[in-house]
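I set out to look up several features of this structure, one entry at a time. The entries follow in the order in which I made them.

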Amino acid sequence: MRVRDATPADRAAIFAVHAAAFRTEREAEVAVALDPEASLVAEEDGRVVGHVVLSRLAVEDGYRAVALGPIGVLPEAQGRGLGSALVRAALAAARDAGEDAVVLLGNPAYYGRFGFVAATSVGLPDPFGWRDAFQIVVLGAPPPRGAVPLWPRPFLVAGTPAAAVTKLNEAVNAAVATPAMREELRNRGFVAMGGKPQQLAKWTAEQAPIWGPVLQAAGIKPE
Ligand SMILES: CC(C)(COP(=O)(O)OP(=O)(O)OC[C@H]1O[C@@H](n2cnc3c(N)ncnc32)[C@H](O)[C@@H]1OP(=O)(O)O)[C@@H](O)C(=O)NCCC(=O)NCCS
């Protein structure tokens with residue numbers, strides 16, 4: 001087994017790894033769409049059997065932090081240390097790149113062994129109620145208090161004509177795909193992704209049952 005940097009030729013294998021590991025294509029789509037700081041594959045006998053991504057997080061004050069994930073290992077290759085090798089290689093890559101911290105959402109029973117601790121234990125707020133799933137490894141400076149990772153997505157008012165949705169979606173995707181915009185977003189700590197309205201609708205439908213009760217409990221209203 002070896003861990004190496006992913007190449008464009010690994011795209012299909014990476015998608016297949018996450019689709020099999022998560023038993024849905026949701027994480028696979030994210031894994032291949034991200035503009036990664038690091039994208040590492042675990043290879044056995046020349047076959048890609050695992051993959052992990054590090055991507056830039058939007059944090060104020062120039063704080064350098066990356067998110068770890070998705071991470072996946074083919075079901076038949078799990079439990080043999082490949083996932084551990086990928087996490088350790090990702091942490092080493094983040095350290096080498098001068099990142100201050102690596103954050104993720106995951107099971108503390110797994111990630112604690114690599115040094116991840118509850119993000120709230122270093123002063124990060126937990127506005128979405130992730131609790132101990134929200135974890136961090138601080139490699140450099142401690143995070144600024146109040147820093148929260150963001151995943152902004154554009155929405156339109158209900159009832160916007162389909163033709164207008166398509167037109168705006170194409171325009172936004174075209175803008176996000178330009179090198180200048182990618183660079184601008186990267187400098188602001190964001191990762192340019194883009195996508196189709198159907199993907200956003202599916203994602204929103206999946207997220208609503210999770211965050212709806214959280215927002216209601218906190219009394220948060222759209223503005
Ligand atoms: C999580 C994952 C990447 C680990 O890869 P792996 O190659 O199986 O991991 P390793 O062989 O290095 O480690 C195996 C250990 O991790 C534990 N483990 C694996 N997945 C776990 C999980 N979701 N929660 C808690 N522990 C987990 C195993 O029980 C085993 O524990 P042990 O060492 O005490 O026996 C892999 O199981 C996977 O792809 N899972 C499906 C996708 C997923 O859940 N990704 C992570 C989302 S946060």
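**Entry 1. Helix H5.** I began with H5 and found it hardly covered, the count of buried residues among its 16 residues being zero. The helix runs over residues 162-177. I compared its reach with expectation: the distance from first C-alpha to last is 22 Å, close to the 22 Å expected at 1.5 Å a residue. I note here that the model is a predicted one.

**Entry 2. Domains.** I looked up the domain assignment, which gives domain 1 as 2-138 and domain 2 as 162-213. I then took the separation of the two: the C-alpha centres of domain 1 and domain 2 lie 21 Å apart. I also checked one long-range pair, Ser-55 and Gly-194, which are 139 residues apart along the chain. Their C-alpha atoms are separated by 15 Å. Ser-55 belongs to strand E3 and counts as buried because it has 21 C-beta neighbours inside 10 Å, where 20 or more are required.

**Entry 3. The ligand shell.** Which residues come nearest to the ligand? I found Gln-78, Gly-83, Ser-84, Gly-106 and Asn-107 in that position, out of 16 residues around the ligand. I next asked which elements supply at least two residues of the shell. They are helix H1 (11-22), strand E4 (65-73), helix H3 (82-96) and helix H4 (108-111). Sorted by class, the shell comprises seven nonpolar residues, eight polar residues and one charged residue.

**Entry 4. Helix H3.** I returned to H3, one of the elements that contribute to the shell. Its 15 residues should span 21 Å at 1.5 Å a residue, and the end C-alpha atoms are 21 Å apart, so the two values agree. I listed its buried residues as Leu-82, Gly-83, Leu-86, Val-87, Ala-90, Ala-93 and Ala-94. Because they cover an arc of only 140° around the axis, they sit on the same side of H3. I then looked for their packing partners and found strands E1 (2-5), E2 (38-44), E3 (47-56), E4 and E5 (101-105). Just after H3, I noted that Gly-98 takes a positive phi of about 80°.

**Entry 5. Helix H2.** I made the corresponding list for H2, residues 26-33, and obtained Glu-27, Ala-28 and Ala-31 as its buried residues. Viewed down the axis of H2, these fall within an arc of 100°, so they line one face of the helix. What covers them includes H1, E3 and E4.

**Entry 6. Backbone exceptions.** I kept in mind that most residues other than glycine have a negative phi, and that most peptide bonds are trans. I recorded these exceptions.

- The peptide bond from Gly-69 to Pro-70 is cis, with omega near 0°, and Pro-70 is part of strand E4.
- Arg-23, which is not a glycine, has a positive phi of about 60°. I located Arg-23 in the loop between H1 and H2, and it counts as exposed because it has 10 C-beta neighbours inside 10 Å.
- Arg-131, also a residue other than glycine, has a positive phi near 50°. I located Arg-131 in the loop between strand E6 (117-118) and strand E7 (134-138), and it counts as exposed because it has 11 C-beta neighbours inside 10 Å.

**Entry 7. Arg-64.** Is Arg-64 buried, exposed or partly exposed? I counted 18 C-beta neighbours inside 10 Å, so Arg-64 is classed as partly exposed. Its place is in the loop between E3 and E4. I then asked what Arg-64 touches when residues up to four places away in sequence are not counted. The contacts are Gly-98, Glu-99 and Asp-100. For Arg-64 and Gly-98, I noted a C-alpha to C-alpha distance of 7.8 Å, with their positions 34 residues apart in sequence. Gly-98 is the residue already entered for its positive phi just after H3.

**Entry 8. Arg-47.** I closed with Arg-47, which is found in strand E3. With 12 C-beta neighbours inside 10 Å, Arg-47 counts as exposed, because the class takes in residues with 12 or fewer. I also looked up its distance to Arg-95: the two are 48 residues apart along the chain, and their C-alpha atoms are separated by 27 Å.

Key: Residues are numbered from 1 along each chain as its sequence is written. This is a predicted model: local features need pLDDT of at least 70, side-chain atom pairs count only at pLDDT 80 or more; totals for chains, interfaces and linings use all residues. A residue is near a molecule or strand if its C-beta atom, placed from the backbone, lies within 6 Å of it. Helices (H or I, at least four residues) and strands (E, at least two) are DSSP runs, numbered from the N terminus. Ala, Val, Leu, Ile, Met, Phe, Trp, Tyr, Cys and Pro count as nonpolar, Asp, Glu, Lys and Arg as charged, and the others, Gly among them, as polar. Domain bounds come from an automatic or database domain assignment. The expected span of a helix is 1.5 Å times one less than its number of residues. The arc is that of the directions from the helix axis to the C-beta atoms. Two residues are in contact if their C-beta atoms, placed from the backbone, lie within 7 Å.
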